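Student: Could we go through this protein together, step by step?
Tutor: Gladly! Let's put the structure on the screen and begin.

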Amino acid sequence: MSFSKGTMPGPAPGGFCCTTQAGEDRTAIAVGKPPSPGLSRTDVLQLCLALDDAALSWLCDQLLRIRTSVYEQVYMTTMKPEALQAEETEPASMDLPTVLPSPNDIPPFADKLASEDQENNGKDQDEGADLDAPPNWVLQEQARSIRQQIRERDRQNYGEKPGTMLPTVQFESSMYYCMESEPTVEIGVVRIGDASQRSSVHFATKDLSAKAGVKYEALSGTIVFEAGEKLKLIEIVTINDSSWDSTLEFLVELSPEGLEHGFLGRYLWTTRVKILDDDAFPSNRFQDQIEALDFENLNKPILMWDFFRMNLKNKTVRSGVMKTLIADQVGNAYFILVLYLNLWMVDGVLCESCDRSVATSNLLLVMALRFLPFPLIHWMEYREQFWRVGGATRLTLQSNLLRKYLAYDAESLQAMDETKLILAMTRDAQELAKDAFGKLAPVITALTRLILLLIYQVAVPLARGTPWPSPFMTAVRFCPAAIFPIVMLLFLRLRSENTELHLEKAHLTQDSMVSHVRKVIANFELFRDYKRRGACVDQFEDRVRAYNIALADSNSIGINNGMFANWCTLVLILFWIFFGGRQVSDDKLEIGEFLNYLAIFEALGRMWGLVYQMLLSIQNCFDALENIVTYMNLPTENPHRMAQFQQNLSMCRKCKDDMAREGLVEDPCDAVGIELRDLAFAYKSSYKTAQGLASSLKASSVILPQGGLYTFVGPPSEGKGTILKLLGEVLIPTIEGYTRSSGIGSGAILIPAHLRSLHVSKDPMFVEGTLLANLTLGVGKQVGGAGVADGSKERALAICKRLGLSEDVMHTIAADNLVCPWREVLSSTECALLHLARALIANPEILCIHKPTLYLNNEYSDLLYSVLKDFVANRGLDMDAREFHKRRPRTCIVTARRAQGAGAAMADAVFNISKEKGLVPLGQVSRRHSQVPVSRV
């Protein structure tokens, strides 16, 4: 059956009718009071079922438009539809059978508010304002209606909250932020529930990466809630300094010991505090140039020195360097001792004029003096490997690079090169630790040995009573020590530009080679499917050849640089052999002194050569330092998150104060809804050609009471995923003054600060590990209670069983001994179910799931939504039923393409999202859907 021009049967009761407008080839649907009695709902439904696909599709589209229009007109203030008759009901897979209210359903108390809103709308219309969004009083009434429905559901399932139940004492938020420059940070502790009596709880700070006495002052004490008090603040003093630190954290914990009249929250008995550092890495000396990435006009030797100074502030590094220097000075003393023993052995033991009767004892003494210090030197060099100088330096660089990456803002993520970041963590961090900072102690040791050689040349002749040599001989003996460093530093300066250029080229070609390997691994299936494996190998070989050429050029320059010190030493020794030998042949110099000075000059050349090699090694690390400085100083989102946190916390406190004055049945903490307040968001694009491809969200306002299951529907690329990321705290709403965000927009979002929010992407993801380790990845630290731990194997298996996972998968989870690439081993459905099970096991208070049924068939989809309904109704899955009223409400928000199926049928409210109108409600489901049977656990 299909529609054609003509008159349709009479209108259906309930405020809508179908008529045909003359001169048009389509049926027009008008809204209003029917002119006369017409068909029953059953008759209308039978006619709809007889339509062909095209007509039915058109009719559904028109009904959707009319339903939205009606709700905008009457504001959906009282949506309490009557239950449909049995013969009118449809299975859950059919369209959502929401019954629209008539204008007569508007309550009397709303007349004045409605008239005021109409006046305001008229003003706004004159100013070109958007009229699609319902006014605030409508949002409040919608939220109140849903909240009453949720409260009634909880009462039917678990009864009234016991009047004698103790209040929950916990932190106001799981995370706090403060700038290092701020003198203090305030931590809120809230009491949820009965506040008629006095409560107290003990608290204490605990070190994480931030250490007490260095970044903050340790604090402990007792918080006392007097009768009527719901919020107490802890003030912790922070310590500011001018040295660089990454974003550091410490804990504040509430203790069950000494807790009076209350019990600790299951999760928020502990909170983290992030201290944001505003200093540049490695110092603030070149902060402007570093922020502008202007490394051409930056003094790199001074920058390296600043890095050394920063690293020496690490207690472990500083202690290790001091121990290394002490061990090296023992080696220097042994070197001078050997020089003197050689001189004494030639001139005082084995010479022709020496007393042969004591030669044996003197030789034994020489043997003893050379042997006895050696075991100590050996042991100290062995222990040097465990003083963690290099290890602590690498740990500082690598861990903070990763910490920075995880906090980069949107623009930093777009600007960074993943390959360069990986090489900065591995190659560059290793080079700085070993070849730059690792040379600091050896350079000091070598310079100390040179000073000891000069002292030796002066002290030995005086000790032996030898006449002071002539000025010419004095110059011959001491000038090399002064000339060597001048010549080498000049050569180093002249060669530095060419050396850095070739070293940078070698690094760039290595970056290209590693980047190609990373891309091939990431896109292996694509290259395999399109038979491009050979091309991948050819391109890789080209990059390897380029790297080999650049590396050979760099190494050749390094060899030439290193040989310069050897040439200088050779010239000096040849000069001494000729000149000193003539002095010996003319009996102006003893043979022992000649040989001793020959050894001194050789040692002098070796020491200056060693110093030169170490300076070259440090110079070769300038490029590595530049990379690490770049990635250490890229802006992070932490300041933006801190501003959002402070704004959200302020709105939450105001809402709770307003609700406390209303005298609600539930605690204000549980009554505060999740709100969008004229929130608009549009992605920014870094590519001009991509403008318009990114989705955007029109300014929208909505209130989602805690404890509900909500479905967002709409066509693809209309913003469903974006709004879920905003609610899941993946994206940060636009805040004035913060331009380095993912998007631009206006308005605000309110998420109750004491709730943990989790965003679940549409595509399954796994980490390396067993299935059980994957399933319990998101489980947080919790206090003990009557129920099982969230991450227990028993609970994980129970939730997986609810989702219908196969016995083979269940056995694999229980065995907990198999590690493999799970996405390749498991089917798409199994991966999707495990992906969702992980979120349910994590047990967040706000669960945002994008397209949860994307990989599931109808049977699994219906099962999943029933499980999500249980998750919401029971405040978590497989939790102790006796603890129900102690737990915070659970809210679940899912997305779907259409307002049909179990996702909409079981939802407490359905919202449509589009670029044109933003997020608007489609209405609440009828009582038969809102009271889907719930499995009590």
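Below, a student and a tutor talk about charged pairs, cysteines and a cavity in this predicted model.

Student: How many salt bridges are there by this rule?
Tutor: Let's begin with the idea behind the count. Side chains of opposite charge can pair when their charged atoms come close. The rule asks for a side-chain nitrogen of Lys or Arg within 4 Å of a carboxyl oxygen of Asp or Glu. By this rule, the count of salt bridges is 44.

Student: E141 and R144 meet in a salt bridge; in which helix do both lie?
Tutor: Their side chains meet with N and O 3.5 Å apart. The two residues are 3 residues apart, about one turn of the helix. That helix, residues 136-158, is α4.

Student: Is E141 buried or partly exposed?
Tutor: Buried means under 20% relative accessible area. The relative accessible area of E141 is 16%, so the word for E141 is buried. Its partner R144 has 31%, so R144 is partly exposed. To return to your question, E141 is buried.

Student: Which residue forms a salt bridge with E626?
Tutor: The closest N and O atoms of this pair are 3.3 Å apart. The pair links distant parts of the chain, with E626 in helix α18 and its partner in helix α6, 326 residues apart. E626 is buried, and so is K300. The partner you asked for is K300.

Student: What does T630 touch, leaving out residues up to four places away in sequence?
Tutor: T630 lies in helix α18, residues 622-632. Its relative accessibility is 17%, and because buried means under 20%, T630 counts as buried. With those sequence neighbours left out, T630 touches L293 and F295.

Student: D670 and R888 also meet in a salt bridge; how many residues apart are they?
Tutor: The N to O distance in this salt bridge is 2.8 Å. D670 is in helix α20, while R888 is in the loop between α27 and β18. D670 is buried, and so is R888. Along the chain, the two are 218 residues apart.

Student: Which residues do salt bridges with shared partners join into one network?
Tutor: Here the salt bridges share partners, and that joins the residues into one network. Its members are E180, K215, D241 and D245.

Student: Which cysteines form a disulfide?
Tutor: A disulfide is a covalent bond between the sulfur atoms of two cysteines. A search of the whole structure finds 1 disulfide. Its sulfur atoms are 1.9 Å apart, and the link is right-handed, with 95° about the S-S bond. Both cysteines are buried, and they are C351 and C354.

Student: Why is there no bond between C669 and C652?
Tutor: A disulfide needs cysteine sulfur atoms within 2.5 Å. C669 is buried, with a relative accessible area of 5%. The closest cysteine sulfur to that of C669 is in C652, and it is too far for a bond because the distance is 8.9 Å.

Student: How many residues lining the second largest cavity are nonpolar?
Tutor: Rolling a probe the size of a water molecule over the atoms shows where empty space is left. The structure holds 2 cavities of 30 Å³ or more, and about 40 Å³ of space lies in the second largest. Its lining includes H835, K851, P852 and Y855. By class, this lining has 3 polar and 2 charged residues, and the number of nonpolar ones is 5.

Key. Residues numbered from 1 in each chain as written. Predicted model: local features only at pLDDT ≥ 70, side-chain atom pairs only at ≥ 80, totals over all residues. Heavy atoms only, no water. 1 Å grid on protein atoms, 1.4 Å probe; cavity = no way out; pocket = protein on both sides within 12 Å on 5 of 7 lines; lining within 4 Å. Points joined across faces, edges and corners; volume = space filled by probe spheres on them. Nonpolar A, V, L, I, M, F, W, Y, C, P; charged D, E, K, R; others polar. Helix = DSSP H or I, 4+ residues; strand = E, 2+ residues; numbered from the N terminus. Buried < 20%, exposed > 50% of the residue type's maximum accessible area, 1.4 Å probe, protein only. Contact = heavy atoms within 4.5 Å.
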